[in-house]
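This briefing is meant to be read alongside the sequence and the coordinates. Its points are grouped by topic.

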Amino acid sequence: MDYENKLVLAPMVRVGTLPFRLLSAEYGADITYGEEIIDHKFLKCERRVNDFLGTTDFVEKGTGDVVFRTCPEERNRIVFQMGTSDSVRALAAAELVSKDVAAIDINMGCPKSFSISGGMGAALLSKPELVHDILTTLRRNLDGAVTCKIRLLNSSQNTVEFARRIEMSGVSALAVHGRRIKDRPRDPAMWCEIADVVSALSIPVIANGDVFDYEHFERIKSVTGATSVMVARGALWNASIFHAEGKLPWEDIKREYVRKCILWDNDVKSTKQTLKEMIMHYSCLEFEEGKAVTKSKTIADLANFYGEDGYYQLVTKSRWR
Ligand code: FNR
């Protein structure tokens, strides 16, 4: 996979499922990350080809939940992001999915207590030996690209040192979120500290943080020197951020998202969560739309609220022919 000059959809829990990734790609995202999936959970899954949908599903044994769904259309741009704290487990989980995705990414930036207490996410930022072990194990045993995503460490010098060690493990690219562990999303991303990493490494660095409009892609590139840019909230709030001709109306994006969730039989929980995140940005969950989404129990309920009943009937009927 080529990581130069790319617009990248960031990994987002509950958001980065197949419909949202395809939506972002339709508007111009070149690389699309899936949501972080924890190795323990993925190891409980089995791979199943879903002929009805034309997808490959990773289904949790016992519950039957689809933990990860992908399709051939995105094979060359989908990055599977994993949460892990152990190289043997990480490799076993990666081997399950590696033939179906373009790259495997390790999350080293999540500051949530669930991740940190399990030794995953940002906890890895203080364990360079373990990081080296995980990344070299994946690199040696997998054919596809291996990457990771980090946050800034407590000084630019430490971030650069850590990034250099990551580069030595042979990864294809490194995504850098320009915030420290303690920073909140409202704190400004420090693009100048991403620039320090870009100038110290020779592998592609993907710059991430505070890109909310198409023009910001050029701005962050010129400040950091990175040629590829990753965007999370800007895409969540309007996936057409990747569209060079300007953003499309938010109402249209939301409807298209709902149609894709119908088409790909997306899980209702993550569909609702994504819609709620979109609504909260523009409006309030206490208004009619927010309440209707909150009380929806099925994709059919959501289709009904968004006036997509006809499309829902058409899609579900055609599946059983
Ligand atoms: C995230 N982020 C994130 N990061 C990651 O590595 N794995 C993940 O699964 C998630 N999940 C997630 C969910 C949601 C709803 C948001 C908003 C964010 C962090 C994200 O990828 C990104 O690094 C930050 O949001 C900073 O980028 P923006 O939002 O400033 O473009």
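In this predicted model, C110 sits in the loop that joins strand 8 (103-108) to helix 4 (113-117). UniProt, in an unreviewed entry, lists C110 under "active site". The points below begin with this residue and continue with the other annotated positions, the domains and cores, an open sheet, and several loop residues.

**The annotated active-site residue**
- C110 has a relative accessible area of 15%, and because this value is under the 20% cut-off, the residue counts as buried.
- Leaving out residues up to four places away in sequence, C110 is in contact with S115, I116, G121 and A122.
- M108 likewise touches G121 and A122, and its further contacts beyond four places in sequence include L124, L125, V131, L135, C148, K149, I150, R151 and I166.

**Annotated binding-site residues**
- The unreviewed UniProt entry gives the annotation "binding site" to P11, M12, V13, Q81, K149, H177, A232 and R233.
- M12 belongs to the loop between strand 1 and helix 1, and its relative accessibility of 10% makes it buried.
- Apart from residues up to four places away in sequence, the contacts of M12 are F20, G34, E35, A232, R233 and L236; A232 and R233 are themselves among the positions annotated as "binding site".
- V13 is also placed in the loop between strand 1 and helix 1, but V13 is exposed, with a relative accessible area of 54%.
- With residues up to four places away in sequence set aside, V13 touches E35 and E36.
- K149, another position under the "binding site" annotation, is one of the residues in contact with M108.

**Domains and nonpolar cores**
- The domain assignment divides the chain into domain 1 (7-242) and domain 2 (250-319).
- Taken over C-alpha atoms, the centres of domain 1 and domain 2 are 26 Å apart.
- To the contact between them, domain 1 contributes 20 residues and domain 2 contributes 19 residues.
- The largest nonpolar core comprises 83 residues, and F42, M108, L138, I166, L174 and F242 have the most contacts inside it.
- Helix 10 (residues 250-263) supplies the largest share of this core, with six residues.
- Both domain 1 (7-242) and domain 2 (250-319) provide at least three residues to this core.
- A second core, separate from the largest one, has 12 residues, among them Y3, V79, A103 and I206.

**The open sheet of strands 4, 5 and 6**
- Three strands make up an open, antiparallel sheet in the order 4-5-6.
- Strand 4 (45-50) and strand 6 (66-70) are the edge strands; each has a single partner strand, so one side of each lacks a neighbour in the sheet.
- From one strand to the next, the twist averages 20°.
- Six bridges join strand 4 to strand 5 (residues 55-60) in the antiparallel sense, and R48 has D57 of strand 5 as its bridge partner.
- Strand 5 and strand 6 are paired, also antiparallel, over four bridges, with T70 of strand 6 as the bridge partner of T56.
- Five residues lie between the strands in the hairpin of strand 5 and strand 6, where G62 adopts a positive phi near 95°.
- Helix 1 (residues 18-27) lies across strand 5 and strand 6 and runs at about 30° to strand 6.
- Strand 6 is mostly covered, with four of its five residues buried.

**Backbone and loop residues**
- Most residues other than glycine have a negative phi.
- N5, which is not a glycine, has a positive phi of about 55°.
- N5 is located in the segment before strand 1 (7-9) and is exposed, with a relative accessible area of 53%.
- R14, also a residue other than glycine, has a positive phi near 65°.
- R14 occupies a position in the loop between strand 1 and helix 1 and counts as partly exposed at 34% relative accessibility.
- D143 lies in the loop between helix 5 (128-141) and strand 9 (145-152), where its relative accessible area of 77% makes it exposed.
- D143 and S98 are 45 residues apart along the chain, and 8.0 Å separates their C-alpha atoms.

Methods:
Residues numbered from 1 in each chain as written. Predicted model: local features only at pLDDT ≥ 70, side-chain atom pairs only at ≥ 80, totals over all residues. Heavy atoms only, no water. UniProt positions renumbered as here; feature names shortened; annotations may be inferred. Helix = DSSP H or I, 4+ residues; strand = E, 2+ residues; numbered from the N terminus. Buried < 20%, exposed > 50% of the residue type's maximum accessible area, 1.4 Å probe, protein only. Contact = heavy atoms within 4.5 Å. Core = buried A, V, L, I, M, F, W, Y, C linked by side-chain atoms within 4.5 Å. Domains from an automatic or database assignment. Pairing = 2+ DSSP bridges. Axes fitted to C-alpha atoms, helices over the stretch in contact; angles between N-to-C directions.
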